[in-house]
Amino acid sequence: MTSQPAGDEPAVICKRPGCGQPLPAQDRGRNRQFCGPECARRYHNDARITAAAAAPAGDADPLAALDALLRQGAVLARAAREQAASLDPAAVRAQVAEAEAARRRAEAAAVTAAARQAEARQETGALAEALAAARDDTAAAQAAAQQAADAARNTAAELTQLRGDAAAQAAAIQANADQQVTAARQAQTSAERERDDALGAAHQARADAGTEITRARQAEADARAETGHVRDDARRERDALREHCQAQLQAERALTAAERARAERAEAQLEAERADRRTLTSHLTAASDNGQAPPSRHPHPPASGARSK
């Protein structure tokens, strides 16, 4: 919520009388009442001076004086809280909390003094001491607020330095990133070129492989045809060899049969000659026993194709 309204609404001015400056725009936090720290300090100083001048002197009622001092302490404490809220460091909040606790203690002392109005004069010293403590706490709160303001200014300076350093680092990182992007693009271009070369080589290798496969298939077909021819020639040679072997076997069988028939005829002729010799021998033997001359021998002519012993 901002203290500067939008649209046609009138601008909010500073709370200090006689200033008339508009309040600066604010994004978050409590609404501002002063245009700057100087106006806030002057406003609270004027309030303290007015309260001190309005305080009765002499034999005035101490409760009224205490009430005025408490109001003044409340104003100072509120001013300290506003300044601390604008800075919002942890140390200032602690000091403001202590000041608030002192103020509450002073209020409690005032309530006790009102309840014991008959003993007010006897407890004036204690109330004076409490008032002095409240003043001391208020001064400490103001000093703490001033220290917090100084710390805030130092923090703002450090933040500005850190922002400058961060900007320099961001510039360096951006430059490094640009260099890396350039290197990456160059690497990508080189990779694309190598990819194109590899694709061309792969296409060429595929074409060569297709040619070699065609040649291999043609060679395989030729080998199969040659194998078929060789098998046909081998089958014809095997059939011819089988026929030749069968013819040789048949010829050997015929020759063996002829030799066997010739041997059988020769054996039959030999048996016939043996029979003739036995007959002749028997005749010769019979004629020599009867004193007759042996008859002349007329051998049978050898049969054609007979073998003589």
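**Exercise 1. A salt bridge in helix 4**

Is Arg215 buried or exposed? Find its salt-bridge partner and place the pair in the predicted model.

*Solution.*
Step 1. The relative accessible area of Arg215 is 53%. Exposed means over 50%, so Arg215 is exposed.
Step 2. Arg215 forms a salt bridge with Glu212, and their closest N and O atoms are 3.6 Å apart.
Step 3. Both residues belong to helix 4 and are three residues apart, so about one helical turn separates them.
Step 4. Glu212 has a relative accessible area of 46%, which makes it partly exposed.

**Exercise 2. Other salt bridges**

State how many salt bridges a search of the whole structure finds, then describe the pairs Glu38 with Arg41 and Asp239 with Arg242.

*Solution.*
Step 1. The search of the whole structure gives ten salt bridges.
Step 2. One of the pairs is Glu38 with Arg41, where the N to O distance is 2.6 Å. These two residues are three apart in helix 1, so they are separated by about one helical turn.
Step 3. Glu38 is partly exposed at 44% relative accessible area, and Arg41 is partly exposed at 38%.
Step 4. Asp239 and Arg242 also meet in a salt bridge, with 2.5 Å from N to O. They lie in helix 4, three residues apart, about one turn of the helix.
Step 5. Asp239 counts as partly exposed at 27%; Arg242 is partly exposed at 41%.

**Exercise 3. Elements and overall figures**

Which elements does the protein have, and in what order do they run? Give the figures for burial, contacts and surface as well.

*Solution.*
Step 1. The protein has four helices and zero strands. Read from the N terminus, the order is α-α-α-α.
Step 2. The protein has 309 residues, of which 15% count as buried.
Step 3. Take the contacts with a separation of 6 or more: residues 24 or more positions apart account for 51% of them.
Step 4. The accessible surface comes to about 23,100 Å², and 53% of this belongs to carbon and sulfur atoms.

**Exercise 4. Contacts between helices 2 and 4**

Locate Leu69 and Thr138, decide whether each is buried or exposed, and list what they touch beyond four places in sequence.

*Solution.*
Step 1. Leu69 is part of helix 2, which spans residues 62-87. Its relative accessibility is 18%. Since buried means under 20%, Leu69 counts as buried.
Step 2. Leaving aside residues up to four places away in sequence, Leu69 touches Leu131 and Arg135.
Step 3. Leu69 and Leu131 are 62 residues apart along the chain, while their C-alpha atoms are separated by 7.3 Å.
Step 4. Thr138 sits in helix 4, residues 124-290. With a relative accessible area of 13%, Thr138 is buried.
Step 5. Again leaving aside residues up to four places away in sequence, Thr138 touches Gly73 and Leu76.

**Exercise 5. Cysteines**

How many disulfides does a search of the whole structure find? Work through Cys14 and Cys35.

*Solution.*
Step 1. The search finds zero disulfides.
Step 2. The cysteine sulfur closest to that of Cys14 is in Cys35, 4.0 Å away. A disulfide needs sulfur atoms within 2.5 Å, so the distance from Cys14 to Cys35 is too far for a bond.
Step 3. Cys35 is in no disulfide; the nearest cysteine sulfur to it belongs to Cys39, at 3.3 Å.
Step 4. Cys14 is buried at 5% relative accessible area, whereas Cys35 counts as partly exposed at 25%.

**Exercise 6. Before helix 1**

Where is Pro22 placed, and how far is it from Phe34?

*Solution.*
Step 1. Pro22 belongs to the segment before helix 1 (37-54).
Step 2. Pro22 is partly exposed, its relative accessible area being 45%.
Step 3. Pro22 and Phe34 are twelve residues apart in sequence, and the C-alpha to C-alpha distance is 8.6 Å.

**Exercise 7. Confidence**

State the mean pLDDT of the protein and describe two stretches where pLDDT stays under 50.

*Solution.*
Step 1. The mean pLDDT is 77, and 73% of the residues reach 70 or more.
Step 2. Over residues 1-10 pLDDT stays under 50, and the model has 16 contacts beyond four places in sequence for this stretch.
Step 3. Over residues 297-309 pLDDT also stays under 50, with eleven contacts beyond four places in sequence.

Terms used: Residues are numbered from 1 along each chain as its sequence is written. This is a predicted model: local features need pLDDT of at least 70, side-chain atom pairs count only at pLDDT 80 or more; totals for chains, interfaces and linings use all residues. Side-chain values use heavy atoms; hydrogens and water are left out. Buried means under 20% relative accessible area, exposed over 50%, partly exposed in between (1.4 Å probe, protein chains only). Contact means heavy atoms within 4.5 Å. Accessible areas come from the Shrake-Rupley method with a 1.4 Å probe; for residues, only the protein chains shown count as cover. pLDDT is the predictor's confidence in each residue, from 0 to 100. A salt bridge is a side-chain nitrogen of Lys or Arg within 4 Å of a carboxyl oxygen of Asp or Glu.
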